[in-house]
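Here is a set of short exercises to work through with the model open beside you. Try each task before reading its solution.

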Amino acid sequence: MTIKTVQTTPFNDQKPGTSGLRKRVTVYQQPNYVENYIQAIFDSLEGFAGKTLVIGGDGRFYNDVAIQTTIRIAAANGFGKVLVGRGGLLSTPAASHVIRHHQAFGGLVLSASHNPGGPDGDFGIKYNIGNGGPAPEKITDAVFARTKVIDSYKTSDAADVALDKIGTQKSGDMVVEVIDPVADYADLMRTLFDFEGISRLFASGFKMKFDAMHAVTGPYAHAILEGILGAPIGTVINGTPSPSFNNGHPDPNLVYCKDMYDEAMSPNGPDFAAASDGDGDRNLIIGKNRFVTPSDSLAILAANAALAPGYAAGITGIARSMPTSAAADRVAEKMGIEMHETPTGWKFFGNLLDAGRVTICGEESAGTGSNHVREKDGLWAVLLWLNVVASRKQSVDQIVREHWATYGRNYYTRHDYEEVDATIANQLVDELRAKLPGLPGQNFGEDLQVAFADDFTYHDPVDGSTSAKQGIRIGFTDGSRIVIRLSGTGTVGATLRLYLESYEAADGRHDLETQLALEPLIRLADELTGLKQRTGRDQPTVIT
């Protein structure tokens, strides 16, 4: 192998968001774009000579090209070994586990998560550190700074690695081991859940549908649900990964999984329906006649976690992202355990998990996970739900209703306005931010009095770091909230997210239609922001 130093010039748009650098495929296909970014990551790290790097992705278009490029750059920069999933596949939670299980230095996850794929779709690269979690801001800030001045990268003339062949190969002097992407992850799941109990559930005639959305979770779901647990063949649908996700949108919500939702709401539908996204870290949970919101799912799983063998000793605490509803807070209070509110982005849970302060974490954007890895984990959430259903011998609907009767119900919705002109979106947020000091104490309508209004700042209790301007919060004396933030996961324009929440006590009305229950807050949010007038849109792009 000949190591080459190639001269390059910086790109001005390589600032990582909350989950790495996501751009259109056409942007990544520019000469040296991948090379610059990978080299900037390696230039921002120390002490990796001779160490192991994990590489994997969700199988989307351009994964194969980017993986081969990355392997050559890793070899030229002195890594001793690369572990890569067969076919270049590793779900994001599986990659986190492989990093931890094999004590790797870190890993690169090639995915744009739930964003569309294909030649005209999106692509992304994210660096995960040795604990298996996303790189903290001190690293991503250093990477961005390096991308602005980078003038060369190292690579080699080594041949492509045969990614479809399990076993050990070489890229120059560096060992490349192609591994079964499912095996280590499946072994971990066996240690956490009552597989015998779940198998008995399926044997009893329990019907399930799992939509892998033509994405990375398909091989995992086929192997675990149908192979190990004995769910009937056909339980997993759309289970073969496709570079374009079969020209679909691999986001497990009620828009893109509407057919499955309608089936679950029908008299002859399955007892349980679930889905996961492009890279396998998000989840959708639907019972017969019952959609479970991600915020409720987090609270219910935390309340019932001890039913699973891996959590039988109890959980130490719960963490949620700031926009996620406060349903989990009520569980933590009743259990007498720690509760933490963090900015959006799974990386903020890492310190809490490493310090043993929390066991289960979740985000309203359909991400739930625990201390078993340092990423959210879609299939883990599905298996924990199955464990709870098998143990309690109740339907999803019964479990949800009993939870509300114990803790009360947090009515909750998220309205997404996608691909908004970035100037308009930033101006809206800036002007609302300027109004915040005058809002506390104000009354709106008969029942809404503002208790607090701020731009959320997070103080990490473990390392003392501070993250400012993480989203605008307007809280009311009755427990209601309006939250507005700009998302960092889109690739075109800006995505404005509006979160609305109201609390109904344990003895209150739990059967209202969500949008109707939240109508006063929806009207007030538009009054405060002028969102519809500014964006020129009568309706959100997506409601969840």
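**Exercise 1. Two helices meeting**

At what angle do α4 and α6 pack, and how far apart are their axes?

Solution. Keep in mind throughout that this is a predicted model.

Step 1: fit the axes. The angle between α4 and α6 comes out at about 85 degrees, and their axes lie 9 Å apart.

Step 2: classify the angle. Values from 65 to 115 degrees count as roughly perpendicular, so α4 and α6 are roughly perpendicular to each other.

Step 3: list the residues that meet. On the α4 side they are Pro93, Ala94, His97, Val98 and His101, and on the α6 side Asp184, Tyr185 and Leu188.

Step 4: sort them by class. The contact of α4 with α6 has 5 nonpolar, 2 polar and 1 charged residues.

**Exercise 2. The buried side of α6**

Find which residues of helix α6 are buried, and what covers them.

Solution.

Step 1: α6 runs over residues 183-192, and its buried residues are Asp184, Tyr185, Ala186, Leu188, Met189 and Leu192.

Step 2: recall the helix geometry. An α-helix has 3.6 residues a turn, so residues three or four places apart point the same way. With that in mind, look again at the buried set, including Tyr185, Leu188 and Leu192.

Step 3: look for the cover. It includes α4 (92-101), α7 (195-203), α8 (217-228) and α13 (378-392).

**Exercise 3. The chain as a whole**

Decide how the radius of gyration of the protein chain compares with that of a compact globule.

Solution.

Step 1: for 544 residues, a compact globule would have a radius of gyration near 24 Å.

Step 2: the protein chain has 23 Å, which agrees.

Step 3: add the extents. Along its principal axes, the C-alpha trace spans about 75 × 60 × 40 Å.

Step 4: add burial and contacts. Buried residues account for 58% of the 544. Of the contacts between residues at least 6 apart in sequence, 72% join residues at least 24 apart.

Step 5: count the secondary structure, which gives 18 helices and 27 strands.

**Exercise 4. Positive phi outside glycine**

Where in the chain are Tyr62 and Ala366, two residues with a positive phi that are not glycine?

Solution.

Step 1: start from the general expectation. Most residues other than glycine have a negative phi.

Step 2: take Tyr62. Its phi is about 85 degrees, and Tyr62 sits in the loop between β3 (52-57) and α3 (63-76). With a relative accessible area of 14%, Tyr62 is buried.

Step 3: take Ala366. Its phi is about 75 degrees, and its loop runs between β17 (360-363) and β18 (367-370). Ala366 is buried too, at 8% relative accessible area.

Step 4: follow Tyr62 to a partner. Tyr28, in helix α1 (residues 25-28), has its C-alpha atom 8.7 Å from that of Tyr62, although the two are 34 residues apart in sequence. Beyond its neighbours within four places in sequence, Tyr28 has contacts with Leu21, Lys23, Tyr33, Val34, Tyr62, Phe123, Gly124 and Ile125. Tyr28 is buried because its relative accessible area is 0% and the limit is under 20%.

**Exercise 5. A glycine and a proline**

Buried or partly exposed: which word fits Gly362, and which fits Pro241?

Solution.

Step 1: Gly362 lies in strand β17 and is buried, with a relative accessible area of 0%.

Step 2: list what Gly362 touches, leaving out residues up to four places away in sequence. The result is Leu298, Ala319, Arg320, Ser321, Thr324, Trp346, Phe349, Gly367 and Thr368.

Step 3: Pro241 belongs to the loop between β11 (236-237) and α9 (258-264). At 25% relative accessibility, Pro241 counts as partly exposed.

Step 4: with the same exclusion, Pro241 touches Leu89, His214, Ala215, Val216 and Pro219.

**Exercise 6. Cysteines**

How many disulfides does the model contain?

Solution.

Step 1: apply the cut-off, a pair of cysteine sulfur atoms within 2.5 Å. The count comes to 0 disulfides.

Step 2: check the burial of two cysteines. Cys257 is buried at 2% relative accessible area, and Cys361 is buried at 0%.

Terms used:
Residues are numbered from 1 along each chain as its sequence is written. This is a predicted model: local features need pLDDT of at least 70, side-chain atom pairs count only at pLDDT 80 or more; totals for chains, interfaces and linings use all residues. Side-chain values use heavy atoms; hydrogens and water are left out. Buried means under 20% relative accessible area, exposed over 50%, partly exposed in between (1.4 Å probe, protein chains only). Helices (H or I, at least four residues) and strands (E, at least two) are DSSP runs, numbered from the N terminus. Contact means heavy atoms within 4.5 Å. Axes are lines fitted to C-alpha atoms, for helices over the stretch in contact, and angles run from 0 to 180 degrees between N-to-C directions. Angles under 35 degrees count as roughly parallel, over 145 as roughly antiparallel, 65 to 115 as roughly perpendicular and the rest as oblique. Ala, Val, Leu, Ile, Met, Phe, Trp, Tyr, Cys and Pro count as nonpolar, Asp, Glu, Lys and Arg as charged, and the others, Gly among them, as polar. The radius of gyration is taken over C-alpha atoms; the globule rule is 2.2 Å times the number of residues to the power 0.38.
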